[in-house]
Amino acid sequence: MFRGRIKLSFSTYLVALACVPCRLLSAASITGPWDEPSGLKKWHKITITFDGPNTSESANPNPFTDCRLNIAFTRPDGSTLLVPGYYCADGDAGNTSAASGNKWRAHLAPDQVGTWSYVASFRTGPDVAVSDDPDAGTPTAFDGESGVLTIEPSDKIAPDPRAAGRLDYVGRHHLQFAETGQYFLKCGADAPENFLAYADFDGNFKSDGRKDNLVKTWSAHIADWRRGDPVWQLSKGKGIIGAINYLASKGMNAFSFLTLNINGDDRNVFMYTTYNERERFDVSRLDQWEIVLEHSDRMGMYLHFKTQETENELLLDNGDMGVQRKLYYRELIARFSHRLALNWNLGEETNDASHEQKVAWADYFWTHDPYRHHIVIHNGDNHYDLLGSASRLTGFSLQTSQIDFSRVFSQTKNYIDRSVAAGKPWVVACDEPGDASHALVPDWDDPGHDNARKNGLWGNIMAGGAGLEWYFGYQHDHSDLTCQDWRSRDAFWDQCRYALEFFSNNGVPFWDMHNANQLITSADAYCLAGAGEVYVVYLKNGGTTNITLAEGDYTVGWYNPRTGGQLLDGVLNAVSGPGWVSVGTPPFDPLLDWAVLVRAITTVPADFDRDHDVDAADLARLSGDWLRCNDPADTGCEDVLAGSSIRPLGAVRAAAAPLIGPVTGVSAGTNGNPPYMLQSVTVGGYTVTVDNLRTGTSGGVTDVAGHITNADDFDLNNIAARNNPSNALWTITMIGGQSFWVDTNGDLPDFFIFEAGMNDDIEVQAILPRGVLGQKVSISKSNWGDTGLNRKGSPNDGQDIGGLAFAITDLKNASGAPLANSSVIEGIRVTSGTLDPSCFCAVQSLDNQPPQVNAGEDQAAFLVESLLAFQLDGTVSDDGKPEPPVLTAVWSVEDSPGGSSVTFDPSAASEDPIVVVDMVGEYVLRLTANDGMAFNYDEVTVTAVEASCRYVMDNGLLLEADLTGPYGEPDCRINMYDLADLAVYWLGQ
């Protein structure tokens, strides 16, 4: 078959290859990952590089088609992995942009500890790279080179993914981490699909005249890059690396990207040297992709490889498994399959390929990926023809089409049910929920994201789905093609994190649960049920429902999916089965959505990992506790009765209280007599100067869009008469104009109001983009108070100026949640019966930002001999403003048991002092930081508990492995009684 290049006879080929300078024999270079190159550990990336033929991307013979590197690795258990290799120019092409060299490379992610051996196969010949015949071509260079690798256990801990191992398909509806056995639920970004169309990558795609305007800089995320993060060519890559950092910081764990869109919407993402090439790869660009994807892996990201979009289905070999497609798939596998968490998506919106072609694509990945990663396909076509045990597919990538996400639940369940009926359960993720025009819109277009949360996010999970990746509609800012700032959906990432935290923090075994809406009476709710032991009910619009339970006693906890946090008590906190019972009503907001966790109280004591089986994993858990508790150097659990054991109570850190209060200070100066000018205002220790205010008046907006330039706006002599104002207004609407105001204060006060009328309750609400009204915030007249400023000039000369006060902690969005940082506000509406403001001022903090404060994690320990010392771990950081910096930090006691004593050593002004308490109880300690203009604080709770075994048992603080003792109940020790008890449960299972 002619493919635009000269086909050489075999003898001519050998002559041509002989003319290429090469080092035929050399020892392989074996390195670990970049951050520990000498360490060869389980699950860690290992790179083997050989010196071979010196060639180039453009050479003939073609090094990509006519050279084949495979390495056969033999595991300690005797099984083998056949890992494909690739040509890598000079071995550092990502930094050098080299297109030539003599380096050939393969990667291994070892999944067993012990001694591995390997043998390299390096063969040359026409199209040998795409041949599965081990004897194809001619052996040359380092062919036959062998060696031994000693693989040690991983030394990583969560959240490093190397602590969890590879993410595998295990015949269930969720993927499982091979090391820990934990199951995976994802949430992240499906957009932009052209994530890899990045200006810092090598290649002429940026200037080839094909959609070059869509090439990204990711400049909005450069500030999210951190010292020590990877770059290439000294400083490139900070924007895209920072974007990944940001997404991970929001608790997201997945994103998707196309690797081939030559004929697609963007046309800037491909692996080839040029737009029209199909058999030669851009080595340096692919090295740079690996830098980005390796960092993504380290940040806990699941990598969704979309191998093509629908416009490219038939681009390679007209859809068949010819040389071009095999070469493309092989290069993907060789370069990236060692990543621990990924799926191969055969195609986005696949419509045109035949059944036979789709089957062949899936079969290639299954038989050539040494790690057999998860394989999915995306609709387009419904792909029902790929269901069943004979199919290589292990899941489905679902796209829906409703603006309100209303089909996510039904379509997720449709594919789950069909896959079970066909004999092979699929992992079903919704990777494009919503419609093409809108889908997940920016926060400023829909601050609450109610439909996305209710119908999309919880709809997939409650159907038994594996999670979601979110598409951005093309009619909005930062769309599927134009997005360069993932912060455009910042508020919604929080809602995704809350959903993931509900299942992880509460130990909900979603992998063992299935949708069971038939168990509840509400038609506007979902139910996920597991083995008669645990039920999750999601009430989309609040209210209540009846649920039919198996026999037993159950706890009932309520979870707020809009704000996250702990389980809360509703009207009922316990129910009993069997039969229909009510779950009660939520603790507040009865008309809003809630998740309800109903869990059986009884469990098998030895089933530590809650997998409904007492097995080797439980034995390992007990063995670990046994060894620790029998180590003479560790008295942590043997000496509970002596009071030396310290255990976390698991309390949630207290959130910083709202900064709210009346005005406590006003600074004014004179410039003649009159006028008398306002200079600054202090509220609860937070001082705001005139330079940091934006203002409006009852007559309209003075300068909402920019700095105040005219101090006359603060002439206190121009205030109307204090009593019985003649022009009282019912409503004042203040609109910002073209340059909207952006709220940058976080939990710091949003608004001061200066009022000269009667003390009266008022209401304030934000006007959000497109005229959306936030919920009203009421300001009680109890928060108003005279300041004692003496007025000069007529009228009412000498009268104190009163009514300067503040009471808004934070404006609220349409759903009632406080506005997030950087929320855009068009205007403010103030409503009152008698209000006559002379000046309406909003805190902007255009330059200085408040300090960032973290008081550390909550602690608990046993009180010994009437004294207990806790080491505090506070951190304070600031932006260095105002200049010169005057940052101070001090600890204080906000709550403590009556009669107790608390001391800080060496002092309360130390960032990390030791705090000594002398009584049992909870102590709430506050760390407050002040930069001279703004302040912030955080609180930590330390708890001194009674040092007795009874206290330990009554409060559930025992180690899980303390199953029993000589009198048939836990005894605060890990000993032979516990081992015998576990054996009973083991045999009983």
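Two strands are said to pair when DSSP finds at least two bridges between them. With that in hand, a good place to enter this predicted model is strand β23 (residues 546-559). β23 pairs with strand β25 (residues 594-600) in the antiparallel sense, over six bridges. Within this pairing, Tyr 559 stands opposite Ala 595 of β25, and the bridge partner of Trp 558 is Val 596, also in β25. β23 is joined as well to strand β24 (residues 574-582), again antiparallel, this time by eight bridges. Here Asp 553 faces Ser 576 of β24.

These strands belong to an open sheet of six, which can be followed in the order β20-β21-β22-β25-β23-β24 with antiparallel pairing. The edges of the sheet are β20 (514-515) and β24, each of which pairs on one side only. Helix α9 packs on this sheet, where it touches β21 (525-530), β22 (534-539), β23 and β25. The direction of α9 makes about 135 degrees with that of β23. In general, strands of a sheet pair through backbone hydrogen bonds, either parallel or antiparallel.

Helix α9 (residues 490-505) also has a helical partner, α8 (residues 450-462). The two helices pack at an angle of about 35 degrees, and their axes lie 11 Å apart. The crossing of α8 past α9 is right-handed. From α8, the residues involved are Ala 452, Arg 453, Leu 457, Trp 458 and Ile 461; they meet Phe 492, Gln 495, Cys 496, Ala 499, Phe 502 and Phe 503 of α9. By class, this contact of α8 with α9 consists of nine nonpolar residues, one polar and one charged.

A second pair of helices can be described in the same terms. Helix α4 (residues 283-298) and helix α5 (residues 323-336) have axes that come within 11 Å and cross at roughly 50 degrees. The two helices are therefore oblique to each other, and α4 passes α5 in a right-handed crossing. On the α4 side, the contact is made by Val 283, Leu 286, Asp 287, Trp 289, Glu 290 and Leu 293, while α5 brings Glu 331, Arg 335 and Phe 336. Sorted by class, the contact of α4 with α5 has five nonpolar and four charged residues, with no polar ones.

Another open sheet has four strands, in the order β1-β2-β6-β5, and its pairing is antiparallel. Its edge strands are β1 (29-31) and β5 (86-87), each pairing on one side only. Three bridges join β1 to the antiparallel strand β2 (residues 46-56), and Thr 31 stands opposite Thr 47 of β2.

Finally, a word on confidence will help in reading the model. The protein chain has an average pLDDT of 81, and 73% of the residues score at least 70. Two stretches deserve some care. Over residues 638-665 pLDDT stays under 50, and the model has 91 contacts beyond four places in sequence for this stretch. Over residues 835-847 pLDDT likewise stays under 50, with 73 such contacts in the model. Where pLDDT is low, the predicted coordinates should not be read in detail.

Notes
Residues are numbered from 1 along each chain as its sequence is written. This is a predicted model: local features need pLDDT of at least 70, side-chain atom pairs count only at pLDDT 80 or more; totals for chains, interfaces and linings use all residues. Side-chain values use heavy atoms; hydrogens and water are left out. Axes are lines fitted to C-alpha atoms, for helices over the stretch in contact, and angles run from 0 to 180 degrees between N-to-C directions. Angles under 35 degrees count as roughly parallel, over 145 as roughly antiparallel, 65 to 115 as roughly perpendicular and the rest as oblique. A crossing is left-handed if the near helix is turned anticlockwise from the far one by less than a right angle, and right-handed if clockwise. Contact means heavy atoms within 4.5 Å. Ala, Val, Leu, Ile, Met, Phe, Trp, Tyr, Cys and Pro count as nonpolar, Asp, Glu, Lys and Arg as charged, and the others, Gly among them, as polar. pLDDT is the predictor's confidence in each residue, from 0 to 100.
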